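Here are a few exercises to work through with the model open in your viewer. Try each one before reading on.

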Amino acid sequence: MKGILGLLRHKSQREAGEDKLDSLLFTTAFAGQGVDASLLAPWEARAVEVGAKRLNPSVGIKLLQDLWTKDRYTSHLEPAAIQRMGRFFDFATIAASRDVIRQDEYGNFMVVLLKGNIAVDRLQPWGERLRLAETRPGEILGEMSLLDSGIRFSACTTLGECDVAVLSAEGLDEMLTSEPGLAANLIAVLARKLSLRLRVVSARLSDKK
């Protein structure tokens, strides 16, 4: 995180007219793991597999604004900032019973649920499918793999028709390059959410001791 903030600070101090430093921070994360690139499941391929239909960006951004301005983690973001952030997202409508994210795959995108419900399930080694959560609009899914292109812990399946906003590693890198302040705010939000999730897991494990 210190290296990311250092890069953001350096870029924000550039004078107008200077060439921008191209960021490959997140799009190259997968390569650093030494895993076959063919195992990566990018959003472009998943969108085709699930038959995602393009959602008008202006509609998607309005939904994102309405949801994030009411969320305790993102409420500090101004509507205008979310508007600018929205141009780095893809917006789509996905039919029911489609796996937006699959367990044990390598991914490099996150999903923000804008409308509908998505189930988060984990298939246990003995074959049981465990329901971990049913997400509400505004919630973020898959942010850990967005940051490190790592393996997915669970499957995320639409329970009905859903509208989603999708941010890929390429989109985050583009944001980091052209809107470093926005990228810093978003990364901070994701870090807080991940920290909270880890604390909840830690508390559960402590209770079982």
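The exercises below go from the sheet to one strand and then to the core.

This is a predicted model, where local features need pLDDT of at least 70, side-chain atom pairs count only at pLDDT 80 or more, and totals for chains, interfaces and linings use all residues. Residues are numbered from 1 along each chain as its sequence is written, and side-chain values use heavy atoms, with hydrogens and water left out.

**Exercise 1.** Work out the strand order of the open sheet and find its edges.

Start with the strands, which are DSSP runs of E of at least two residues, numbered from the N terminus. Two of them pair if DSSP finds at least two bridges between them. That gives five strands in the order β2-β3-β11-β6-β9, paired antiparallel. β2 (53–54) and β9 (140–141) each have a single partner strand, so one side of each lacks a neighbour in the sheet.

**Exercise 2.** Find what V112 faces on either side.

On the β11 side, V112 sits opposite A165; on the β9 side, opposite I140. Now count bridges: six join β6 (residues 109–115) to β11 (residues 162–168), and two join β6 to β9.

**Exercise 3.** Which elements give two or more residues to the largest nonpolar core?

Such a core is a set of buried (under 20% relative accessible area, 1.4 Å probe, protein chains only) Ala, Val, Leu, Ile, Met, Phe, Trp, Tyr and Cys residues joined through side-chain atoms within 4.5 Å. This one has 29 residues, with V112 among those with the most contacts inside it. The contributors are α3, α4, β6, β11, α6 and α7, and α7 gives the most, with five residues.

Note on methods. Helices (H or I, at least four residues) and strands (E, at least two) are DSSP runs, numbered from the N terminus. Buried means under 20% relative accessible area, exposed over 50%, partly exposed in between (1.4 Å probe, protein chains only).
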